[in-house]
Amino acid sequence: MFDLNPGFEMSVYILWGMGALGLVLKLMANIHMKRMIKASGNMATTKRRALRIMRLKYINGKSLGINTGSSASFVDKNVRSMRYLGFPLYVWRRTGLLLSLGIAGMVSGAFLYNDVSWRGSPEMVELIANGICVCAFLMIVENIFLINNKLEILKANIRDYLDNVPGCPKNTVDIITKPEPVLKDVQADNVIDATPHIKSVSEDDTESDEAVLNSFLKEFFS
């Protein structure tokens, strides 16, 4: 056995602490996703605020003629905006990868920070070996708790509900515009009815004027 300095021991503890953190984060995300999937199984009565807002947004948009696209694009866009503990759900599916990148950066930084005499030493070899082991552990956890698959199940449940939403009521604009043709017909009827009346009045006036003129000429020349 070789002696390990306190700094090296602390580095190893940090590495495995990151591995434990990755496991805890995956467990938390897995529990949350299971609850979301269960809640999305009955979107009509769900108590999840994010799902209720999504349902109301879709129904109101359809009734007003705003949501003209497919339900798949609507669900994908809104699921991407969902958050858990301040982070989007799509980040939680990659926590193992993000922590593995952090470990790789930490080991690389230790390799570059220490002098040449440290490189190739048993401590360096053990640090790299621990880093590889922790990264492998995180990848195993990543493949045990498949958050990405649960996200797809969640989206499928929401799409299934939205595609079978009962028909939305007609827009009130349709009701307002219905009397318009009736008004036009009424106006047209009035114009048609008024035209003969105007013609008859004008003809009577001309006939009366001719009669007055004829009587005047008869009296003048008699």
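A nonpolar core is a set of buried Ala, Val, Leu, Ile, Met, Phe, Trp, Tyr and Cys residues joined through side-chain atoms within 4.5 Å. In this predicted model, the largest such core has 23 residues. Leu-51, Val-79, Met-82, Leu-89, Leu-154, Ile-158 and Leu-162 have the most contacts inside it. Two or more residues of this core come from each of helix H1 (6–40), H2, helix H3 (71–81), helix H4 (89–92) and H7. A second core, separate from this one, has ten residues, among them Leu-99, Val-107, Ala-110 and Val-134.

Met-82 shows how parts of the chain meet. Beyond its neighbours within four places in sequence, Met-82 is in contact with Met-36, Ala-50, Leu-51, Met-54, Phe-87, Pro-88, Leu-89 and Leu-154. Two of these partners, Met-36 and Ala-50, are 14 residues apart in sequence, and their C-alpha atoms are 9.6 Å apart in space. Ala-50 lies in helix H2, which covers residues 49–63. Its relative accessibility is 36%, so Ala-50 counts as partly exposed; buried would require under 20%.

Another of the partners of Met-82 is Leu-154, a buried residue of H7. Helix H7 covers residues 147–162, 16 residues in total, and spans 23 Å from its first C-alpha to its last, close to the 22 Å expected at 1.5 Å a residue. Its buried residues are Ile-147, Lys-150, Leu-151, Leu-154, Lys-155, Ile-158 and Leu-162. Viewed down the axis of H7, these residues fall within an arc of 140°, so they line one face of the helix. Leu-154, Ile-158 and Leu-162 are also among the residues with the most contacts inside the largest core.

Key:
Residues are numbered from 1 along each chain as its sequence is written. This is a predicted model: local features need pLDDT of at least 70, side-chain atom pairs count only at pLDDT 80 or more; totals for chains, interfaces and linings use all residues. Side-chain values use heavy atoms; hydrogens and water are left out. Helices (H or I, at least four residues) and strands (E, at least two) are DSSP runs, numbered from the N terminus. Buried means under 20% relative accessible area, exposed over 50%, partly exposed in between (1.4 Å probe, protein chains only). The expected span of a helix is 1.5 Å times one less than its number of residues. The arc is that of the directions from the helix axis to the C-beta atoms. Contact means heavy atoms within 4.5 Å.
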